[in-house]
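Colleague: Could you walk me through this one before I go back to the bench? I'd like the overall layout and then some detail on the packing.

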Amino acid sequence: MTDTPLPQCIVCTRDLRDTETQTCRLCTERVAGHLRLLAGADGLYARLADSLAPGSGSGGPAVSGSRTAPLPVRLGPLSLAARGGVVTILQTWLVDWHDLLGYQHPRWDGDLQQQLDQAVGRLLNLLPWAAEHHGAFDEFCSEVASLVHQSRAATGEEGAPRRIGVQCTCGRTLKVTLDTAGVRCAGCSAQYGHSEALRLPLAERRAA
């Protein structure tokens, strides 16, 4: 008689505990922490405004090797801070959650910073439900983590996460970072959690 395999977290593929549904507690807490990092007067989103001037966020003066005048703002932080960036992405997720729950469309009040804080607050309130029931909660976790990494990179707080190549058991090369929650092989569909992905052997570099 074979043992019935335990259900796994859709984010990191850890075995779920009896009290967990679809998503493990660690992944739920991780995305909650990422949301809190974005919000508030001292949060990552607020600090994006300080990184808009050319040369800011890099620790040195603006330098241009061109004869033309530099752009008045840095496009990286601007794309994250403007409509269509961080705020819009979080609002889109919130609208989706409201629709699935049959709630009224959320209202946005104030400037973009205020709207961000409102969206984060509401997402945190609904997070326990989403972690247990939303079919794309793994995508939500991945997108919020990406927003945090992009915002940190844009504000000069960290570089973009380094991607390394590891080899799947089928021989295909997978690209992961040190904080990868999980990865699926496009070749054989094998799913690896965080610790499993980092234990895979490094892929051999091909000669140029």
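Modeller: What follows goes from the overall layout to helix packing, the nonpolar cores and one glycine, and please keep in mind that this is a predicted model.

Colleague: Fine, so how many helices and strands are there in the protein?

Modeller: The protein has 7 helices and 4 strands, and read from the N terminus the order of the elements is α-α-α-α-α-α-β-β-β-β-α.

Colleague: And what share of the residues is buried?

Modeller: Of the 208 residues in the protein, 36% are buried. As for contacts between residues at least 6 apart in sequence, 54% of them join residues at least 24 apart.

Colleague: Let's turn to helix packing: at what angle do the axes of H4 and H6 cross?

Modeller: Helix H4, residues 86-101, and helix H6, residues 137-154, have axes that cross at roughly 165 degrees and come within 11 Å. Because angles over 145 degrees count as roughly antiparallel, H4 is described as roughly antiparallel to H6, and the crossing in which H4 passes H6 is left-handed.

Colleague: Which residues make that contact?

Modeller: From H4 the contact uses Val86, Ile89, Leu90, Trp93 and Trp97, while H6 contributes Phe137, Glu139, Phe140, Glu143, Val144, Leu147 and Ser151. Sorted by character, the residues of this contact of H4 with H6 are 9 nonpolar, 1 polar and 2 charged.

Colleague: What about the largest nonpolar core, which residues touch the most other members?

Modeller: That core has 38 residues, and Val86, Leu90, Trp97, Leu123, Phe137 and Phe140 are the ones touching the most other members. At least two residues each come from helix H1 (25-38), helix H2 (44-48), helix H3 (75-81), H4, helix H5 (112-133) and H6, with H5 giving the largest share, 8 residues.

Colleague: Leaving aside close sequence neighbours, what is phenylalanine 140 in contact with?

Modeller: Beyond its neighbours within four places in sequence, phenylalanine 140 is in contact with Val31, Leu35, Trp93, Trp97, Leu123 and Leu127. Apart from the core just described there is another, of 9 residues, which includes Cys168, Val176, Cys185 and Ala197.

Colleague: Changing topic, where is glycine 182 found?

Modeller: Glycine 182 is in strand E3, residues 182-184, and it counts as partly exposed because its relative accessibility is 26%.

Colleague: And which residues is glycine 182 in contact with, again leaving aside neighbours within four places in sequence?

Modeller: Those are Val11, Gln191, Tyr192, Gly193 and His194. Glycine 182 and valine 11 are separated by 171 residues in sequence, yet their C-alpha atoms are 6.5 Å apart in space.

Methods
Residues numbered from 1 in each chain as written. Predicted model: local features only at pLDDT ≥ 70, side-chain atom pairs only at ≥ 80, totals over all residues. Heavy atoms only, no water. Axes fitted to C-alpha atoms, helices over the stretch in contact; angles between N-to-C directions. Parallel < 35°, antiparallel > 145°, perpendicular 65-115°, else oblique. Left-handed = near helix turned anticlockwise from the far one by under 90°. Contact = heavy atoms within 4.5 Å. Nonpolar A, V, L, I, M, F, W, Y, C, P; charged D, E, K, R; others polar. Core = buried A, V, L, I, M, F, W, Y, C linked by side-chain atoms within 4.5 Å. Buried < 20%, exposed > 50% of the residue type's maximum accessible area, 1.4 Å probe, protein only.
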